[in-house]
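Reader: I work at the bench and would like a close look at one cysteine in this model, and then at what surrounds the subject. Where does that residue stand, and what else can be read from the coordinates?

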Amino acid sequence: MRLNKETFVAGFALFSMFFGAGNLMLPPLLGFKAGDAWFMVTLGFLISAVIIPLLGILAHAKLQGTMFDFAKKVSPKFSFIYCIIVYLISITLPSPRTASVTHEMAIQPFFDSNSWLTSTIYFVLVLFFVLNRSKILNVLGKYLSPIIFIVILSIICVGIFSTQTTSIATSVFQKPIISGLLEGYQTFDAIGAVVVGAVIIISLNPKKENSFEQNRDIIIKSGIIAGIGLFIIYSGMIYIGALFNTQFDPNISRTNLLSGISLKTLGSIGQTFLSILVALACFTTAVGIITGTADFIKGLYNNSQKAYQLTAVIGCILGILMGQFDVHYIINIAIPALMFIYPITIILILLNVLPDKLTSSLVFKTVVIVTILFSIPDFLASIGIKDYIVPILNLLPLGNYNLAWLLPALLTFIFINLFLKK
């Protein structure tokens, strides 16, 4: 596989857009709780946080359009509604969460500052980058991403080779793979793939000398580079969490565990390194989300630059407002939204990656409709309506694993293709 400078820059930029607040905080606590089952938990986490997002980038390479193209085979109206929901979720949950994490881990331990000031300065800087999008790939790919990767890799390597661990405690998870897979939802990486993948494509478009095939080659290779980076970091951080699972209070929070691990691995300078890392990782993700949302709205208004600018400003204002909530609260309120939108996103990614002969408009329509219908029980259970929903989930295949939609969607895909063939 031939790689050039442009491919590496795009790959590291894509990695930095994926790697945000949740990506940094979730794996250590997951490994901490997984204990001796860390490997099985890692498998589940990698499915939803690496493999599915990578397939999303491959789908973008095939389509080379916007996120609207992901669902247009269902219907243009459905695609429009889906895009609006995804972008609303993106700018009201994962984007503000990056500011909240930055304040709790990178600002509050060192400065007597309130969250309003942190969020305001943070999103003013985000807005600057979004409005100067021509610099996004170069700055993220050449400078910020390598720094992020090196600092995290240092924590992982020092932790693995310096920790004197004689035993790892027993896992608290009864279904490690499923627990890891569902925790991967909280990274928002599958949603991130359809959102920030379009940012990479639009950023490549000004290079008129590149053909469709050349851009496809760059997108695929950059996606693989980003996927390898995510694989190394996620696996390493989960394993580090497992190694340290007897050295901290069992009820420790995500942020405190991450801080504790960094201090144990890198010493007194660890917290400073971690603060820089958190700020960079969160910032790049927020830039990718706001840029992707602004690009979508711009496309709805005949590529109006004013629409792009206004959307960027509104997205940053929402980030400032929502960024006042603490990280734990934002993660909890995200669960119902993820239980509903994630299955649809996964199905759309898979259908777009598959050959066109297997994914006719009828296949898209029926499979997506079935996925939506069987996602509703999980969504209702996640918002607390359990008295009537739990018995239904118990009857559905994989219903007890929050995957009631998976088997019906697969069977519908097979049945409709057999029907069309005969």
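Author: Cys282 is buried, with a relative accessible area of 1%. The model is a predicted one, and the figures that follow are computed from it. The cysteine sulfur closest to that of Cys282 belongs to Cys316 and is 15 Å away, which is too far for a bond. A disulfide is a covalent bond between the sulfur atoms of two cysteines, and the cut-off used to find one is 2.5 Å between the sulfurs. A search of the whole structure returns zero disulfides. Cys157 has another setting: its relative accessible area is 35%, so the residue counts as partly exposed.

With no disulfides found, the next items to look at are the charged pairs. Side chains of opposite charge can pair when their charged atoms come close. The count of salt bridges comes to four, and three of the pairs are described here.

Asp356 pairs with Lys62, and their closest N and O atoms are 3.1 Å apart. Lys62 belongs to helix α3 (residues 38-63), while Asp356 sits in the loop between α15 and α16 (361-382), so this salt bridge ties together parts that are 294 residues apart in sequence. Lys62 is partly exposed, because its relative accessibility is 30%.

Lys72 and Asp69 make another salt bridge, with 3.2 Å between the closest N and O atoms. The two partners fall into separate classes of exposure. Lys72, at 43% relative accessibility, is partly exposed, whereas Asp69 has a relative accessible area of 17% and is buried.

In the pair formed by Arg254 and Glu183, the closest N and O atoms are 3.5 Å apart. Arg254 is part of helix α12 and Glu183 is part of helix α9, so the salt bridge ties together parts 71 residues apart in sequence. Arg254 and Glu183 are both buried.

That pair leads to the largest pocket. Arg254 and Glu183 are among the residues nearest its centre, along with Gln186, Ile331 and Asn332. The lining of this pocket consists of 23 residues. Four elements give two or more residues each: α2 (21-34), α9 (176-185), α12 (254-266) and α15 (327-353). Helix α15 supplies the largest share, with seven residues. The space in the pocket is about 510 Å³. Sorted by class, the lining holds 12 nonpolar, six polar and five charged residues.

Helix α15 also contains Ile346. At a relative accessible area of 7%, Ile346 is buried. Once neighbours within four places in sequence are set aside, Ile346 is in contact with Ile52, Tyr185 and Trp405. From the C-alpha atom of Ile346 to that of Pro377 the distance is 17 Å, and the two residues are 31 residues apart along the chain.

Ser95 is another buried residue, with a relative accessible area of 0%. Ser95 is in helix α6 (residues 94-107). Not counting residues up to four places away in sequence, Ser95 touches Ser90, Phe123, Ala286, Ile289 and Ile290.

The loop between α13 (270-300) and α14 (305-322) holds Asn302, and Asn303 is in that loop as well. What calls for attention there is the backbone. Most residues other than glycine have a negative phi. Asn302, though not a glycine, has a positive phi near 55°. Asn303 is not a glycine either, and its phi is positive at about 55°. Asn302 counts as exposed because its relative accessibility is 73%. Asn303, with a relative accessible area of 57%, is exposed too.

To return to the request: Cys282 is buried, and its sulfur lies 15 Å from the sulfur of Cys316.

Technical notes:
Residues numbered from 1 in each chain as written. Predicted model: local features only at pLDDT ≥ 70, side-chain atom pairs only at ≥ 80, totals over all residues. Heavy atoms only, no water. 1 Å grid on protein atoms, 1.4 Å probe; cavity = no way out; pocket = protein on both sides within 12 Å on 5 of 7 lines; lining within 4 Å. Points joined across faces, edges and corners; volume = space filled by probe spheres on them. Nonpolar A, V, L, I, M, F, W, Y, C, P; charged D, E, K, R; others polar. Buried < 20%, exposed > 50% of the residue type's maximum accessible area, 1.4 Å probe, protein only. Salt bridge = Lys/Arg side-chain N within 4 Å of Asp/Glu carboxyl O. Contact = heavy atoms within 4.5 Å.
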